[in-house]
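Q: Could we go through this model together? I would like to begin with its confidence and then turn to particular regions.
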Amino acid sequence: MILRHRILGIDPGSRTTGFAVIDTDGHRSLRVVSGAIRVGDQPWPARLGLIFDRVAELVAEYRPHEMAVEQLIFARDPTAALKIGQARGAVLCAGLKGGVTVHEYSPKTVKLAVVGTGAAEKAQVQHMVRVLLALPDEPGEDEADALAIALCHAHSMGIPARKRAAASWRDWRP
């Protein structure tokens, strides 16, 4: 199966950043590679450097057409929110430096696109990613989230913004 569009999905985290590369035509998708970037207990600036370097390597090696990244919406701990925001910054800079167009999606939008409800649990996302991509095993949480982000972007490809934004069929205009 020849799929002509390559998407890099990223789920940024301060200790673990999920990544996924898929090929898609907007209807069918195949996983190329996926996994997690684990930065361990190194000093914070070194972690950001590792995240940046690994995402830059993924961009150089797999040459995605676009990158989809999860937005940070809410965090109870301000320090955690700041760190995730900085990790997102490293991811965004690595993609942009590699010449990739970056798109951002809220966690609710990703869950809605993949599971059908914006309130889906992690296990539901893992299961649906496995089903949609016909994976032999269920991916880990961070990997599944990155795959879901890439799939969310794949599902939104080719849909004009005004059609995508319609709240009901009554709002839709060709």
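Q: What pLDDT does the chain average?
A: The chain averages a pLDDT of 89, and 88% of the residues score at least 70; pLDDT is the predictor's confidence in each residue, from 0 to 100. This is a predicted model, in which local features need pLDDT of at least 70 and side-chain atom pairs count only at pLDDT 80 or more, while totals for chains, interfaces and linings use all residues. Residues are numbered from 1 along each chain as its sequence is written, and side-chain values use heavy atoms, with hydrogens and water left out.

Q: Where does pLDDT stay under 50?
A: That applies to residues 159-174, for which the model has nine contacts beyond four places in sequence. Contact means heavy atoms within 4.5 Å.

Q: Turning to the helices, at what angle do helix 1 and helix 2 pack?
A: Helix 1 (residues 44-62) and helix 2 (residues 78-97) pack at about 35°, and their axes are 8 Å apart. Helices are DSSP runs (H or I, at least four residues), as are strands (E, at least two), numbered from the N terminus. Axes are lines fitted to C-alpha atoms, for helices over the stretch in contact, and angles run from 0 to 180 degrees between N-to-C directions.

Q: Which residues meet there?
A: Helix 1 residues including Trp44, Phe52 and Val59 meet helix 2 residues, among them Lys83, Ala90 and Lys97. The residues of this contact divide into twelve nonpolar, two polar and two charged. Ala, Val, Leu, Ile, Met, Phe, Trp, Tyr, Cys and Pro count as nonpolar, Asp, Glu, Lys and Arg as charged, and the others, Gly among them, as polar.

Q: And Arg6, which strand is that in?
A: Arg6 lies in strand 1 (residues 5-11). Arg6 and Thr24 are 18 residues apart in sequence and 6.4 Å apart in space, C-alpha to C-alpha.

Q: What is Arg6 in contact with, leaving aside its neighbours within four places in sequence?
A: The partners of Arg6 include Val21, Asp23, Val32, Tyr62 and Glu66.
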